[in-house]
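Let's take a relaxed walk through one protein chain, looking at how its helices pack and where its charged side chains pair up. Have the 3D view open as you read.

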Amino acid sequence: MSFVDVYTDFIFLEDAPERADIIFIPGSDEGALALRAAELWRAGYAPRILPSGKYGKLVGHFKGDSRFGTECAFLCDILEKEGVPPEAILGEQESTYTYENAMFSRRVTDEAGLEIRTALLCCQAYHARRASLYYQVCFPEARILVCPVVTKGISRENWYQDEASTELVLKEVEHCGTQFGEIFREYRKKQLKLS
């Protein structure tokens, strides 16, 4: 196995979809995520979809379709156009980065009294590891199954073939260490206090 294979297997997670309690969509301006979630919903994999996101923290505004003020509103519009009824959509419009997507989604499911045992996660393929880690932290009792979507043309087969794609994937690897490292240290402190 080459080092490229190691990075590929680490970042590009993919699970076969199974019957679940909910489908999560982390905040994004990539409409393909909502299309995939609607496809899974129509196939009967879950009764609800929870799109998330205000806009990217670093950008400070929704950089997609100017008709929408938030990532969540944009994703909800696509879901409804794809036949998902509004009552099957639980939205979250305050988060500005992936960990907040997961944390605030947890708040939404708790407020709705939903018990999440299995969830499908429709995220960008090159973002799969980090998104999965964050949702698993916020839903520790649940199985998080990743149903990724290839966006920006970046897939497990080609990510290392051009500089821009390589940089995005390597940045994801870095974030898994730095950002998740901070979250894990806080988690360990809480665990030590409880014991």
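To talk about burial we need a yardstick: a residue is buried when its relative accessible area is under 20%, exposed when it is over 50%, and partly exposed in between. By that yardstick, Arg106 is partly exposed, because its relative accessibility is 22%. Keep in mind that this is a predicted model.

**Salt bridges**

Arg106 is a handy place to start. Its side chain meets that of Glu141 in a salt bridge, with 2.8 Å from N to O. This pair links distant parts of the chain, since Arg106 sits in helix 4 (residues 98-111) and Glu141 in the loop between helix 5 and strand 4, 35 residues apart. Like its partner, Glu141 has a spot in the middle category: its relative accessible area is 44%, so Glu141 is partly exposed.

How many salt bridges does the structure hold? There are 14. Another one brings together the side chains of Asp9 and Arg156, at 2.7 Å from N to O. Asp9 belongs to helix 1 (residues 3-11), while Arg156 is in the loop between strand 4 (143-146) and helix 6, so this bridge ties together parts that lie 147 residues apart in sequence. Asp9 counts as partly exposed at 37% relative accessibility, and Arg156 counts as partly exposed at 31%.

Next comes the pair Arg130 and Glu172, whose side chains meet in a salt bridge of 2.7 Å, N to O. Here Arg130 comes from helix 5 and Glu172 from helix 6, so the bridge ties together parts 42 residues apart in sequence. Are these two buried or exposed? Arg130 counts as buried, with 9% relative accessibility, and Glu172 is buried too, with a relative accessible area of 6%. Salt bridges can also share partners: Asp21, Glu115 and Arg117 are joined into one network that way.

Here are the three pairs side by side:

| Salt bridge | N to O distance |
|---|---|
| Asp9 and Arg156 | 2.7 Å |
| Arg106 and Glu141 | 2.8 Å |
| Arg130 and Glu172 | 2.7 Å |

**Helix 5 against helix 6**

The Arg130 and Glu172 bridge leads us to the two helices that hold its partners. Two packed helices are described by the angle between their axes and the distance between those axes. For helix 5 (residues 128-138) and helix 6 (residues 163-194), the axes come within 9 Å and cross at roughly 15 degrees. An angle under 35 degrees counts as roughly parallel, and therefore helix 5 and helix 6 are roughly parallel to each other. The crossing is right-handed.

Which residues of helix 5 meet helix 6? They are Arg129, Arg130, Leu133, Tyr134 and Val137, and across from them in helix 6 are Glu172, His175, Cys176, Gln179, Phe180 and Ile183. The residues of this contact divide into 6 nonpolar, 2 polar and 3 charged.

**Helix 2 against helix 3**

Now swing over to helix 2 (residues 31-42) and helix 3 (residues 71-81). These two pack at an angle of about 40 degrees, with their axes 9 Å apart. Helix 2 and helix 3 are therefore oblique to each other, and their crossing is right-handed.

On the helix 2 side, Gly31, Ala34, Leu35, Ala37 and Ala38 take part, meeting Phe74, Leu75, Ile78 and Leu79 of helix 3. What mix of residues makes up this contact? It has 8 nonpolar residues, 1 polar one and no charged ones.

Definitions and conventions:
Residues numbered from 1 in each chain as written. Predicted model: local features only at pLDDT ≥ 70, side-chain atom pairs only at ≥ 80, totals over all residues. Heavy atoms only, no water. Axes fitted to C-alpha atoms, helices over the stretch in contact; angles between N-to-C directions. Helix = DSSP H or I, 4+ residues; strand = E, 2+ residues; numbered from the N terminus. Parallel < 35°, antiparallel > 145°, perpendicular 65-115°, else oblique. Left-handed = near helix turned anticlockwise from the far one by under 90°. Contact = heavy atoms within 4.5 Å. Nonpolar A, V, L, I, M, F, W, Y, C, P; charged D, E, K, R; others polar. Salt bridge = Lys/Arg side-chain N within 4 Å of Asp/Glu carboxyl O. Buried < 20%, exposed > 50% of the residue type's maximum accessible area, 1.4 Å probe, protein only.
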